[in-house]
Structure formats: C-alpha cells, structure tokens
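User: I'd like to learn how to read a ligand site and its surroundings in a model like this one. Could you walk me through it?

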Amino acid sequence: ANLTNEEVFQDKVDQEIRIEPKDWMPEAYRQTLIRQISQHAHSEIIGMLPEGNWITRAPSLKRKAILLAKVQDEAGHGLYLYSAAETLGITRDQMYEQLHSGQAKYSSIFNYPTLTWADVGAIGWLVDGAAIMNQVPLCRNSYGPYARAMVRVCKEESFHQRQGFEILLTLSRGTEAQRNMAQDAINRWWWPSIMMFGPGDEASPHTAQSMRWKIKRFTNDELRQKFVDICAEQVKILGFTLPDEELKWNDASGHYDFGAIDWTEFNNVIRGNGPCNKQRLDARRKAWNDGAWVREAAMAHTEKRKNRMAA
Ligand code: ACO
C-alpha cells in the first residue's frame, strides 16, 4: 500500500520504534518537542537559582558539598536537554534568546523563594520528587535523543529526591524550632509542587496529541494523583503533615482525595507574575551579559587558530 509519510511515522510510534533526528516527522511533532524540551532545559537552568541561594549558607561542609553537586547536576541536565533540542533544528542561541526575552516558559515552581535551609529539603523531597514522577515516563518517549537524555537525568533526580528527604528527616529529629522550620517549608512548597504537573487534563491543550505521539505517557492529572498518593504516605514517616485538610484516603478509588488547586495562582506564575519571576530572569540575563567576554574570547581564539592553520 502507498502509505503517507504521516502514516509511516504514526505507525512507527505505535510500534514503539524511536523517532531519530533525521527521520521524517510532522512539523507539529517537531515544534511540540522543541517547545517541551527547551522549556525543560530552561527549568533545569533556572532551577539552579533557588537552591544556589543556600550553597554559601549550608549548615555543614558535608551539606554544602552535597548541595553543590546537586546544583551542578542541574546544569548538566540543562545542557543535555539543550543538545537534544538542537537535534530538532533550533540553535542554542535561539533558545537562550527565548528565555532571556521572557518568551519561553520554564517550570512555575522555580518562581518561589527559598526562605530557610529547610526549603532545600522540601525542594529535594517534593520538587525533585514531582520531577521524577513526570520524567521517568519520559525515558520512554518516542523521540530518541530526548528519551536517552532522560535516563541519566532520572538517575540523578532520584539522588536529589533522597537528599531532600534526608534533610527533612534530620530536621524532624531535631529541636522544636527545626521541626517548625521543616513543617513551614513543606506548607509553602506543597501546593506549588502539585501545580508543577500542569493544568488539569480538561484544561491542558497539548496532552491528547502528545499522548498519541507518545511524547507523554500519562496525563497531567494521572501523574499528579500518583505523586499525591506517594507523598501522603511519606509525610507520615517524617512525622509532618501536608497542608490540605481535604487530603484523605478513598477506599473506593484506591487513591487519596485532595483539595482544590488554586489555578489562579498557577496562571499568574506562568504569566510572569509569581513571587520571583523577575529576579530569576534578571539573574539569567546578568549571567549571559557577564559571560559575553568569554564567548568573544573563545571566538577570537578559534579565529586565530584557523588563521595559523591556514598560514
Ligand atoms: N510551569 C510552567 N508552565 C507550565 C507548567 C508548569 N508547571 N505546566 C504546564 N505549563 C504550560 C505548558 O508549557 C503549556 O504552555 P505553552 O503552550 O505555552 O508551551 C501550557 O502550560 C499548557 O499545558 P499542557 O497542555 O499540559 O502542556 P504540556 O503537554 O507541555 O505539559 C508538562 C506540561 C507536563 C510540564 C510537560 O511539558 C512536560 O512533561 N515537560 C517536561 C518536564 C519538565 O519540563 N519539567 C520541568 C520541571 S522539573 C525540573 O526541572 C527539576
């Protein structure tokens, strides 16, 4: 039979054959991946800022070394992901330009401030925990370079999640002030963490098509529910509570019920009006501008070498 390009493509996806950079792909698939992978890369890079804020104030040398390693891992994740996006025909400079101009989105979660050391624990447990829940299925997404990059990213994320949980566990065995500090961090990070999964399925414009293309393997609400179910149990081990009075095990559904998410807050944050959006973008623009001389020096060096070779 004479199959169209589109049919051959969808057939491969349905058979779980990976799509590689030089394969034919629908333009909308390419654009969806560029959008998602670049947003993901920006999230990793912006995500270094809230925790980077605590590197100089970590409570011990050991904690400092762990946090430093974690923040460096995030830089690495951003770089793999920018490389994966480049295979789709966008340049790194274009992606940076989209970030610095405020045109590109990045995860809502990184627009909240890190007020105390316990926030580093809460970010590891909740934010990295949510990231893993979302990213493990991405290891099986249909686009080869993205799927392969996610394998290593997920291994590192699970280390990040454990280090966060362990910080909170240590604080839970500490003084009353330490326990209060940890509970306060959980209270502030819980709702933003469950917002990370994105709008509810009925309000998510991209989910249905991304599921057909096997970019997404689960919907936003499915992943959010799995995450709530896990955290509702883990918080008991910590001896803390989640700030949701409606959180309750439901025998009939086999899941935890939870309260309504404040989508107005979520939409404000993704439109640029969260507590730290301006600060985060200013920090990235400053880093870009401060690094201009390095880029220029590298280009001048390349030029000189080229001339020397030619001579
Ligand atoms: N923060 C900011 N924007 C979001 C968020 C969020 N938490 N959730 C959804 N959005 C945006 C989407 O990017 C989309 O905007 P756009 O059309 O302008 O690109 C819009 O809201 C509608 O959402 P969806 O239709 O649900 O979009 P999508 O199918 O892309 O699903 C999701 C969103 C789940 C975040 C998906 O893109 C994804 O899995 N991305 C990869 C993982 C990732 O980026 N993680 C970053 C945080 S984890 C970390 O970096 C440690």
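User: Let's begin with Ser108: how many Å from a nitrogen atom of the ligand does its backbone N or O atom lie?

Analyst: Happy to help, and please keep in mind that this is a predicted model. A polar contact is a pair of N or O atoms within 3.5 Å. Here, a backbone N or O atom of Ser108 is 2.8 Å from a ligand nitrogen atom. Met196 also uses a backbone N or O atom, 3.1 Å from a nitrogen atom of the ligand. With Ser204 it is a polar side-chain atom, lying 2.8 Å from a ligand oxygen atom.

User: How much of the ligand's accessible area does the protein cover?

Analyst: On its own the ligand has 950 Å² of accessible area, and the protein covers 90% of that. As for location, the ligand sits in the largest pocket.

User: Which residues around the ligand come nearest, and which helix supplies the largest share of the shell?

Analyst: A residue joins the shell if one of its heavy atoms lies within 4 Å of the ligand. There are 29 such residues, and Gln39, Lys105, His206, Lys216 and Asn220 come nearest. Helix α2 gives the largest share, six residues. By class, the shell has twelve nonpolar, twelve polar and five charged residues.

User: And aromatic pairs: what is the count?

Analyst: Ring centres must lie within 6.5 Å to pair, and the count here is twelve. One of them joins Phe9 and Tyr29 edge-to-face, with 4.8 Å centre to centre and 70° between the planes. That pair links distant parts of the chain, with Phe9 in helix α1 and Tyr29 in helix α2, 20 residues apart.

Key
Residues numbered from 1 in each chain as written. Predicted model: local features only at pLDDT ≥ 70, side-chain atom pairs only at ≥ 80, totals over all residues. Heavy atoms only, no water. Polar contact = N/O pair within 3.5 Å; in protein donor to acceptor, adjacent residues only side chain to side chain. Areas by Shrake-Rupley, 256 points an atom, 1.4 Å probe, with all protein chains shown as cover. 1 Å grid on protein atoms, 1.4 Å probe; cavity = no way out; pocket = protein on both sides within 12 Å on 5 of 7 lines; lining within 4 Å. Sits in = over half its atoms within 2 Å of the grid points. Helix = DSSP H or I, 4+ residues; strand = E, 2+ residues; numbered from the N terminus. Nonpolar A, V, L, I, M, F, W, Y, C, P; charged D, E, K, R; others polar. Phe/Tyr/Trp six-rings, centres within 6.5 Å; stacked < 30°, edge-to-face > 60°.
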